[in-house]
Amino acid sequence: MTTTYSPLRGRTEILRRAHELVARAVAGAGGVLLVRGVGGMGRSAFLRAVAEEARGGGTPVGYARCAAEESRTPFGVVRQLLDVAVRDARLGPGPGAPGAEAVSEALLAEALLADALSAGPLLLAVDDVQFADAESLAWLARLGRRLDHRPLLLVLTERSSSEGDATGAGVRRAFPTELVTALTLEPLGARAVAELFHDRLGDAAPGHLAGGWAAAGCGNPLLLHALLDDLHALDHGGSGWAAGPRPVALAEAVGHRLDGAGTGTAALARTVAALDPGDATPALLAALHDEDPDRVADRLDQLRRLGMVAAPDASERPGARPARFAHPLLQEAVLAGWTRTARRELRLRAAELMFRDGAPVGAVARHLLDAPVVGAEWAVDALVAASRAATAAGAWPEAAALLRRALAEPLTSHRLGQVLTQLGCVEVRTDPTTAVRHLTEALRLQDGAHDRVRVANALGTALAAHGEVPAALEVLRRLAEAFDDREELSDLVHSVQAATALIASHAQASWNGMLPEVTRRARRAPVDNDPMAHSLLTEHQTVRGTISADEAMERVRTLLATQVDPAVQPYLMASLATLAQWADDVALAEELVDRGSALCLDHPLHPAQHSLASVRAETAVMRGRYAEVAELVSGPDAGSGNTHVRAQGVIALVALDRLPEAARLAGSIRSLGVNESWEWNEFRYAEGLLLAAQGDPEGAVRDFLACGEGQRLHNTVSPVVTPWRSAAVPCLLELGRTGEALALAQEELRFAEIWGTRRVVGRALRGVGSATGGRHGLDLLDRAVTLHRYDPAAGPELAASLLAHGLALASAGQAQRARTVLREAAALAERLDTVRLRGLVGSALRAVGARSTRTGHTGPTALTASERHVAVLAAAGRSNAEIATGLHLARRTVETHLTQVYRKLGIRGRPQLAAALAEEP
């Protein structure tokens with residue numbers, strides 16, 4: 001190991017004390033300086049610095065370095081201390097009894113020392129005195145008792161007892177208390193470490209990186225210099241710094257420190273390093289080492305004193321906190337040289353012990369990932385259960401890795417099919433090609449009809465996600481044919497047909513080809529015999545613009561009252577939730593989504609999940625819960641590859657005026673390539689809104705018109721699906737294409753009036769009013785506002801209509817009325833947290849001479865829709881975790897919302913929440 005010592009850093013005060021003692025000895029008042037510290041803390045370097053300082057001042061120095069292998073050599077230390085020539089001439093073995101010989105040597109040494117002191121002051125330096133032979137130690141003790149009036153300073157260094165082989169307080173007790181000055185070398189502070197790094201690396205290392213690496217040195221000079229050796233070996237051109245050091249010299253230094261700590265402590269350190277963070281509990285360590293827990297606790301304390309293992313937090317129960325290394329580089333250094341086979345065997349033993357003691361399956365499975373094949377059912381159970389938990393958390397790569405590890409275990413044909421199915425369902429989000437291969441193999445292994453349907457549905461969904469809709473439909477068609485003549489499997493046939501219809505919607509040609517069959521089934525079978533066909537036909541008639549919302553909801557209520565086969569229920573919930581959302585019954589839509597999702601919990605790739613997720617996202621946008629949707633598409637799941645959900649994310653980000661994020665999300669969707677699905681039309685609409693917000697009305701119109709053309713190819717003309725016409729109107733007006741704008745707006749109004757809900761009709765009236773202009777246009781805009789006022793779900797649409805009405809009033813020269821309308825729009829936009837709309841309203845208010853565009857930012861009325869939703873649940877006693885689960889938000893998002901709620905309501909916390917909300921006028 002190459003180590004280059006810089007000048008002592010961080011030792012200024014302790015060196016000053018030592019120099020004072022040297023000066024006192026020179027003046028005739030001798031004493032003992034005992035310097036203690038753990039291994040590598042720089043005891044020897046400190047002793048050399050003191051000796052060199054004394055020698056430079058003209059004080060002779062005697063120096064001795066003790067070693068364990070020489071601890072049985074009588075007077076070995078004394079022989080080193082005294083003059084070499086005199087020692088060789090007069091301190092040799094003599095005749096007589098051993099005791100007499102020792103006495104004569106001791107007396108002779110004192111005589112030689114007296115001769116030396118007669119010439120002037122003297123400094124005797126003994127390094128690692130804990131290894132001194134008994135005779136020398138006794139001689140030093142006798143000498144120390146007579147130092148108070150002699151010009152002699154005895155400087156001793158001693159390794160601290162934390163490493164298990166020191167003499168503890170024994171050396172100090174050998175000397176008179178009043179003559180001993182004891183100093184301890186503590187770990188270097190941040191400033192000293194920074195200076196040390198600068199001494200060696202200069203300005204080469206980026207400061208923030210150097211600071212992070214320095215923590216691996218634990219403030220210990222030996223480890224820090226070793227770390228600096230490793231850093232010096234890096235490629236200093238830039239990439240090397242980013243990669244970080246490879247702990248070669250550090251590993252050697254750490255090994256040296258652990259050797260000094262004892263075999264048992266070194267073994268425990270390797271075990272802690274090999275286990276996952278958070279799992280190295282004292283109980284597990286004791287079981288792995290077959291040692292008494294108290295002994296393990298002592299060893300952990302020893303590692304903490306060495307600075308290798310982090311100290312526990314004050315709030316944690318002593319002895320319960322899992323051990324973890326103070327820095328990853330230390331952990332890597334401890335593992336260096338330990339074979340991978342040994343580490344894997346240890347992780348297997350740890351997994352077995354943890355499983356037996358009821359540890360969380362995730363922790364057990366993490367150790368199994370890097371362990372040999374177990375050959376036991378419990379290992380597969382743990383891996384599969386941990387994969388389900390990872391899937392629920394959206395950690396798809398982790399879930400896939402766990403299941404691939406399960407495949408390494410010996411499995412029955414049935415269990416292999418189960419694992420392959422689950423793996424394929426996970427892989428569809430990261431590697432659709434491999435997912436299809438695994439699901440195809442899983443389907444081949446299925447014997448039972450229900451299992452075959454389950455796997456076939458998953459395979460069909462995976463194929464559709466991979467863009468192979470015809471292949472997906474073929475898989476389902478064959479399965480349906482296999483069951484067609486078996487009356488007892490009619491429920492499965494209906495579920496396969498439902499899955500087929502949902503998957504067919506991903507491709508225009510497939511969906512158009514499916515419609516005649518769906519229509520035929522609905523007309524031939526009563527509602528209770530084929531409810532899914534009736535629901536799908538209602539969807540089709542809705543988008544065709546041939547039925548009203550009242551008719552559709554009457555059918556929804558009938559279908560909800562119908563007894564439905566369990567296998568069909570998730571599909572029916574998805575279809576009915578879609579219809580309820582279109583009919584603006586968002587509360588029912590959300591209830592049906594929750595019911596359908598609960599039915600899909602055990603099937604991570606159920607075809608209905610796609611539609612359920614789409615409805616959930618779109619209803620959130622309808623309610624103005626934009627932050628919720630933005631969180632959904634930026635979290636670990638990121639919309640699960642669902643283009644419709646991600647398109648809703650673009651819409652939400654635009655509403656929040658987070659245009660760069662919206663552009664990145666849109667780019668990621670477009671990178672998947674154009675397809676014929678209805679979801680792609682939704683994306684075209686969302687991208688049009690983004691382009692409009694970016695100041696590109698021409699590009700926005702192109703997207704809106706492309707959306708409309710795609711909708712027509714899907715036999716979709718009603719604006720309940722995508723209001724592309726009304727979105728295009730303001731862009732066309734900006735471009736001076738008033739005739740086109742009016743034609744599109746009137747067409748939308750015609751279909752909107754067939755459907756008949758306030759939100760849809762009011763939105764269409766807004767488009768017609770804006771394009772018509774004049775007094776008639778104002779009347780139409782006023783009607784739009786009135787309709788939206790009576791629709792509790794139309795908050796964002798009401799704000800948009802108020803803005804359009806205010807702008808039209810301003811254009812008509814009615815500034816005072818415009819200000820009144822725009823102020824209402826501003827207050828609503830503030831509550832809804834529609835940042836972009838708030839900015840547009842503010843600009844409009846300033847244009848009509850309003851003094852301020854700010855609305856109240858305190859009190860219940862200042863809460864955004866998302867904040868209000870979270871606040872109400874919190875006031876009802878829900879925990880943050882429960883709120884996060886119920887609203888499908890990250891926990892940190894709930895915490896952020898509550899922080900804003902408390903600020904706006906002027907309260908300190910949850911206990912005052914209910915009363916503060918009740919103060920709303």
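The following exchange concerns the secondary structure, cores and salt bridges of a predicted model.

In this predicted model, local features need pLDDT of at least 70 and side-chain atom pairs count only at pLDDT 80 or more, while totals for chains, interfaces and linings use all residues. Residues are numbered from 1 along each chain as its sequence is written, and side-chain values use heavy atoms, leaving out hydrogens and water.

Student: How many helices does the chain have?

Tutor: Helices (H or I, at least four residues) and strands (E, at least two) are DSSP runs, numbered from the N terminus. Besides five strands, the chain has a helix count of 47.

Student: Which helix gives the most residues to the largest nonpolar core?

Tutor: A nonpolar core is a set of buried (under 20% relative accessible area, 1.4 Å probe, protein chains only) Ala, Val, Leu, Ile, Met, Phe, Trp, Tyr and Cys residues joined through side-chain atoms within 4.5 Å. In the largest one, of 116 residues, Leu576, Val650 and Trp755 touch the most other members. The most residues, nine, come from residues 569-582, that is, helix 29.

Student: Why does the salt bridge of Glu158 and Arg36 tie together separate parts, and how many residues apart are they in sequence?

Tutor: A salt bridge places a side-chain nitrogen of Lys or Arg within 4 Å of a carboxyl oxygen of Asp or Glu; here the closest N and O atoms are 3.0 Å apart. Glu158 is buried at 0% relative accessibility, whereas Arg36 is partly exposed (between 20% and 50%) at 22%. Because Glu158 lies in strand 4 and Arg36 in strand 1, the pair joins parts whose separation in sequence is 122 residues.
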